[in-house]
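Student: Please pick out one part of this model and go through it closely, residue by residue. I would like the surroundings of that part tied in where they help.

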Amino acid sequence: MASYQKLIEPKEGSKIKVLGPNKFEVPSDPIIPFIEGDGIGADLTRAMHIVINAAVKKAYDGKKKINWLEIYAGEKAVEKYGEGQYLPKDTITALKEYSIGIKGPITTPVGGGFRSLNVTIRQVLDLFACVRPVKYYEGIPSPVKHPEKVNMIIFRENTEDIYAGIEFRSGSEEAKKLRDFLISMDVNIKEKIREDAGIGIKPMGPFASKRLIKKAIQYAIDNGKTSVTLVHKGNIMKFTEGAFRDWGYELAKTEFGDKLIPEAEVTGSTDKIIIKDRIADSMFQQGLLRPDEYSVLALPNLTGDFMSDALAAQVGGLGMAPGANMSDTMAIFEATHGSAPKYTNQDKANPGSLILSAVMMLIHMGWKEAADLVEKGIKETIKQKYVTYDLARQMTGVTEVKCSQFAERIAENM
Ligand code: NAD
């Protein structure tokens, strides 16, 4: 097998230094590892590099430069490292070492024993927050009347909830044993869990909930946001979802003191950040009916998953929806869609999601000037109706362009 040194040794640049939780020192020549990804990943990554390199060069007059370092996961990792090596140790080591990374979509290998590589990366690195800004770019086709009213940022808990993967199949010995055990604690459970039921477990605790909510609140403070909403289904699931809400209010009070004010205590206008909560089903309605009343959302894993895709659809779908998975010391930025294998190497797919994920990365690094330039380029390019096939088929009077042409035009429009 090839060695770490041989395959992913950087040629130039410096490391981003982690000084403590959420404290970084970013040099002017940072090394940033990237995973190209499978399917459309190679096209998107090339496009993302074109745009980001141009923005950084322009914003800092050539005084700053990202040194991209290719690391491997998915099919390309197997090519480089050998059979079965979908996620080589080198890749995890490099991500830990450089503390930031960006990745294209990875195909989940078909066949026995594979979990999604994306989930594995999140778990191994304990990237506990999935962060997704949802914002509208003028001209993008949307199914709602006022997509411009959506401007939210979602913080979804990544490690707990029904997604923990603790499930027992209907009819299995384990499901039967678990049911018997539960009935031994409370006989009423006999009626609640039928004999033929599969059983899933939903663990949620203060440690994971609070660190996620803390990240959301800190983001609101750092970025001058007006509110943080805790979204939950606590009316039904009191000790998990309801507790998530309670832990959130508790944390807001103990850790952030008078920076926040609970919605119930607001009497007039306030310069504090309002902390409120909504039951998940109501939040889905609010997202459609009064999106402009919401800013930062903090959600448990399952609801967070649903909510991010629903809101993304309102602003034009997954092609333009960025994301990141983060801890307090690491962040991996990634396209939110999959590898769309049928468009592999056709230079056809929309690189918007990966480019906007890179914009999040620039903001995370404190390189806001470059991030602003990319956003300007994107807005202008869409206004010029110079778009990839997925947007072109929903718009009129457009020029349908390739993935690389879209990227080059964004760079020109900065
Ligand atoms: P997908 O998102 O890859 O594709 C669904 C359809 O959406 C595509 O056929 C295409 O029409 C469209 N599409 C997606 N991205 C696009 C883009 N950038 N531009 C234009 N059109 C785009 O979903 P899928 O087909 O369910 O999954 C394919 C593979 O990707 C699977 O192996 C899946 O496990 C994996 N996946 C990876 C990630 C990730 O890496 N984060 C996320 C989801 C799915």
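**The ligand site and its surroundings**

Tutor: Pro 27 is buried, because its relative accessible area is 19% and the limit for buried is under 20%. This is a predicted model, and Pro 27 serves here as a point of entry before the ligand site itself. Its place is the loop that runs between β2 (23–25) and β3 (31–35). Apart from residues within four places in sequence, the contacts of Pro 27 are Ser 14, Lys 15, Ile 16 and Trp 367. Met 365 is 338 residues away from Pro 27 along the chain, yet the C-alpha atoms of the two are separated by 9.6 Å.

Now the ligand. Its shell consists of 19 residues, and the closest of them are Ile 106, Thr 108, Gly 338, Ala 340 and Tyr 389. Sorted by class, this shell holds eight nonpolar, seven polar and four charged residues. Three polar approaches can be listed. A polar backbone atom of Gly 338 lies 2.7 Å from an oxygen atom of the ligand. An oxygen atom of the ligand is also found 3.0 Å from a polar atom in the side chain of Asn 118. In the third case, an N or O atom of the Glu 334 side chain is 3.3 Å from a nitrogen atom of the ligand. Taken on its own, the ligand has 810 Å² of accessible area, and the protein covers 67% of that.

Asn 118 and Glu 334 are both joined to Lys 103, a residue of strand β5. The side chains of Lys 103 and Asn 118 make a polar contact of 2.5 Å, and the side chains of Lys 103 and Glu 334 make one of 2.8 Å. Lys 103 has a relative accessibility of 3% and therefore counts as buried. With residues up to four places away in sequence set aside, Lys 103 touches Ile 35, Asn 118, Ile 121, Ile 332, Phe 333, Glu 334, Ala 335 and Leu 354. Two of the residues in that list, Asn 118 and Glu 334, are thus the partners of Lys 103 in polar contacts, and each also has a side-chain atom facing a ligand atom at the distances given above.

Asn 118 leads on to helix α5 (residues 117–124), where the buried residues are Leu 117, Asn 118 and Ile 121. These residues lie on the same side of α5, because the arc they cover around the axis is only 105°. In general, an α-helix has 3.6 residues a turn, so residues three or four places apart point the same way. The packing partners of the buried residues of α5 are α4 (89–98), β5 (100–103) and β15 (331–335). Just after α5, Asp 126 has a positive phi of about 50°.

Beyond β15 comes the loop that joins this strand to α12 (352–365), and Ala 340 lies in that loop. Ala 340 is among the residues closest to the ligand. It is partly exposed, because its relative accessible area is 29% and the buried class ends under 20%. The phi of Ala 340 is positive, about 30°, although the residue is not a glycine. Asp 347 occupies the loop between β15 and α12 as well. Its phi is also positive, near 55°, and Asp 347 is likewise a residue other than glycine. With a relative accessibility of 18%, Asp 347 counts as buried.

A further residue with contacts in the 300s is Arg 132, placed in strand β6 (residues 129–135). Arg 132 is buried, at a relative accessible area of 10%. A polar contact of 3.1 Å links the side chain of Arg 132 to that of Asp 309. Not counting residues up to four places away in sequence, Arg 132 touches Met 152, Ile 153, Ile 154, Ser 308, Asp 309, Pro 322, Gly 323 and Thr 336. The C-alpha atom of Glu 79, a residue 53 places from Arg 132 along the chain, is separated from the C-alpha atom of Arg 132 by 32 Å.

To return to the ligand: Asn 118 and Glu 334 approach it through their side chains, Gly 338 does so through its backbone, and Lys 103 makes side-chain polar contacts with both Asn 118 and Glu 334.

Technical notes
Residues numbered from 1 in each chain as written. Predicted model: local features only at pLDDT ≥ 70, side-chain atom pairs only at ≥ 80, totals over all residues. Heavy atoms only, no water. Buried < 20%, exposed > 50% of the residue type's maximum accessible area, 1.4 Å probe, protein only. Helix = DSSP H or I, 4+ residues; strand = E, 2+ residues; numbered from the N terminus. Arc of directions from axis to C-beta. Contact = heavy atoms within 4.5 Å. Near = heavy atom within 4 Å. Polar contact = N/O pair within 3.5 Å; in protein donor to acceptor, adjacent residues only side chain to side chain. Areas by Shrake-Rupley, 256 points an atom, 1.4 Å probe, with all protein chains shown as cover. Nonpolar A, V, L, I, M, F, W, Y, C, P; charged D, E, K, R; others polar.
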